[in-house]
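Trainee: I have a structure to go through and some questions about it. Can we take them one by one?

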Amino acid sequence: MTKVVRPLALLAILAIVGVACSNNNGGGTTTPPTTATTGTTTGTSAPSGGTTGTSAPSGATTGTSAPSGPAVKVGLVYDIGGRGDKSFNDSAAAGLDKAEKDFNLEPKELQPNSGGTNRADLLNLLASQGFQLVIGVGFLYAPTIGAAAVQNPDVDWADVDGFIDHTTCDTCVDETADGNLTSLLFAENEGAYLVGCAAALKSKSHHVGFIGGVNIDLIQKFQAGYDAGVEKCGPGTKVDHTYISQPPDFSGFNDPAKAQTIAQGMYQGGADVVYHAAGGSGAGLFAAAEAFSKQGNTHVWAIGTDSDQYLSAPKDQQPFILTSNLKRVDVAVYETIKDFVNGTFTGGIKTFDLKADGVGYATSGGFVDDIKSKLDDLAGQIKDGTIKVPATLKG
């Protein structure tokens with residue numbers, strides 16, 4: 001029996017945010033429109049009566065064209081910032097958009113207030129309005145979505161980056177909420193390994209940087225993979241590390257100004273490639289790369305995360321975005337909806353790794369074309385198990 005763990009005691013082991021996703025090895029998500037319903041909007045009433053946690057709703061289909069008949073009600077609750085963050089949330093939105101094209105859905109999108117204090121209210125609102133599948137975007141939904149799954153056993157739930165413990169019950173919310181709740185996790189360290197190699201191969205100063213949004217285990221997982229990739233392809237390369245905020249302060253995922261200041265300092269200190277795993281704060285890194293390059297008549301690189309951030313960046317910044325670590329939240333969201341529509345939704349943990357096309361690296365801009373064969377060779381070794389990418393920091 002799976003157990004839903006209270007993240008208040010286990011925040012350090014929860015998998016999280018990041019910040020969303022694009023196609024593996026060069027593909028990217030198209031940035032969707034920025035029209036999410038805010039968390040304070042109550043929406044219109046809908047019929048009650050969701051489906052059970054294991055049965056498919058009426059109107060389900062196994063095809064890829066939208067069927068006729070009753071629409072399947074799917075709710076997507078974003079992390080702070082919502083649709084339009086050009087990262088984690090937008091990747092989730094892209095998965096919903098694709099599912100809406102392929103299946104007969106009645107989707108609803110909500111986002112929490114600036115403090116994230118109304119997450120539980122949003123989940124309960126969707127359940128009360130008859131939504132049959134509800135997906136939370138981000139590990140901070142774990143405590144509330146676990147409780148919602150217990151209170152609403154006829155609704156299926158999924159949490160992107162929310163961790164479900166299968167072995168511990170001391171801190172379980174309830175033992176009955178395992179069949180209708182799934183945890184969507186990623187091997188972020190594998191994609192970070194590949195962009196770390198790219199950073200080392202492209203660095204002329206043999207000095208690179210890493211900016212983390214919040215100093216928690218999940219973001220350290222990005223750092224661990226990045227550091228290992230740098231060392232693999234550029235032994236002895238210096239790596240600077242800075243986290244924007246420390247828990248319980250999670251503002252580091254949405255503070256571009258601080259990220260820009262940190263990146264500027266790294267470039268001034270000699271780093272010529274800097275990678276971020278900081279969600280919406282990453283925009284500050286890209287701004288710093290452009291400004292430093294133009295002011296100093298030089299060229300430094302930035303590396304994005306979650307989605308192919310070259311595609312969503314302003315044109316003036318695109319020449320400075322080397323690649324992105326792709327975390328395919330869009331794939332996870334789409335596959336979860338597809339499973340639900342087709343009656344194959346199951347609870348538990350699902351991990352999207354390099355082999356499952358859940359992570360990867362972007363090639364937009366063509367800046368890594370000359371090293372693509374090297375990166376692809378490493379990717380193959382990760383997939384076949386020859387290379388084991390660390391998920392935790394040394395020491």
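**Questions on the fold**

Mentor: Start just past helix α3: G130 follows α3 and has a positive phi, near 85°. Keep in mind that this is a predicted model.

Trainee: Which residues of helix α3 are buried?

Mentor: Helix α3 spans residues 119–128. Its buried residues are covered by elements including β1, β2, β3, α4 and β4. The buried residues are R119, L122, L123, L125, L126 and A127.

Trainee: Several of those covering strands belong to a sheet. What is the order of the open sheet whose pairing is parallel?

Mentor: Six strands form this sheet. Its edge strands, β2 and β11, each pair on one side only. The twist from one strand to the next averages 20°. The order is β2-β1-β3-β4-β5-β11.

Trainee: Which residue in β3 stands opposite V74?

Mentor: Strands β1 and β3 pair in the parallel sense, over four bridges. β1 covers 72–77 and β3 covers 133–137. Opposite V74 in β3 stands L133.

Trainee: Now the sheet with mixed pairing. What is its strand order?

Mentor: This one is open too, with six strands. The edges are β7 (238–245) and β12 (359–361), each paired on one side only. Neighbouring strands are turned by 15° against each other on average, direction ignored. The order reads β7-β6-β8-β9-β10-β12.

Trainee: How many bridges join β9 to β10?

Mentor: Strand β9 is residues 301–306, and β10 is residues 321–327. The two run parallel. One bridge pairs A302 with I321 in β10. The number of bridges joining β9 to β10 is five.

Trainee: And on the β8 side, which residue of β9 is the bridge partner of V273?

Mentor: β8 and β9 also pair in the parallel sense. Three bridges hold that pairing. The partner of V273 in β9 is W301.

Trainee: Why is β9 described as largely enclosed by the rest of the structure?

Mentor: Count its buried residues, where buried means under 20% relative accessible area. D306, placed in β9, counts as buried because its relative accessibility is 0%. β9 is largely enclosed because the buried count is six of six.

Trainee: What is the phi of D306?

Mentor: D306 is not a glycine, yet its phi is positive. D357, also not a glycine, has a positive phi of about 65°. D357 lies in the loop between β11 and β12. For D306, phi is about 75°.

Trainee: Is D357 buried or partly exposed?

Mentor: The limits are under 20% for buried and over 50% for exposed. D357 has a relative accessible area of 30%. That value lies between the limits, so D357 is partly exposed.

Trainee: Back to the mixed sheet. At what angle does helix α6 run to β6?

Mentor: Helix α6 (residues 217–233) lies across β6, β7, β8, β9 and β10. Helix α5 (residues 188–202) lies across β6, β8, β9, β10 and β12, and runs at about 170° to β10. For α6, the angle to β6 is about 170°.

Trainee: Where do two helices pack, and what is the crossing angle of α2 and α10?

Mentor: Two packed helices are described by the angle between their axes and the distance between the axes. The axes of α2 (residues 88–102) and α10 (residues 329–341) come within 7 Å. Their crossing is right-handed. The angle is roughly 35°.

Trainee: How do the residues of the contact of α2 with α10 divide?

Mentor: From α2 the contact includes F88, L96 and K98. From α10 it includes D330, Y334 and I337. The residues divide into nine nonpolar, two polar and three charged.

Trainee: Which peptide bond is cis, with omega near 15°?

Mentor: Look at the loop between β7 and α7 (256–268). P248 is found there. The cis bond runs from P247 to P248.

Trainee: Last one. Which side chain is joined to D377 by a polar contact of 2.9 Å?

Mentor: D377 lies in helix α11 (residues 372–383). At 41% relative accessibility, D377 is partly exposed. Its side-chain partner in the 2.9 Å contact is Q381.

Terms used
Residues are numbered from 1 along each chain as its sequence is written. This is a predicted model: local features need pLDDT of at least 70, side-chain atom pairs count only at pLDDT 80 or more; totals for chains, interfaces and linings use all residues. Side-chain values use heavy atoms; hydrogens and water are left out. Axes are lines fitted to C-alpha atoms, for helices over the stretch in contact, and angles run from 0 to 180 degrees between N-to-C directions. A crossing is left-handed if the near helix is turned anticlockwise from the far one by less than a right angle, and right-handed if clockwise. Contact means heavy atoms within 4.5 Å. Ala, Val, Leu, Ile, Met, Phe, Trp, Tyr, Cys and Pro count as nonpolar, Asp, Glu, Lys and Arg as charged, and the others, Gly among them, as polar. Two strands pair if DSSP finds at least two bridges between them. Buried means under 20% relative accessible area, exposed over 50%, partly exposed in between (1.4 Å probe, protein chains only). A polar contact is a pair of N or O atoms within 3.5 Å; within protein, one must be able to donate a hydrogen and the other to accept it, and residues adjacent in sequence count only if both atoms are side-chain atoms.
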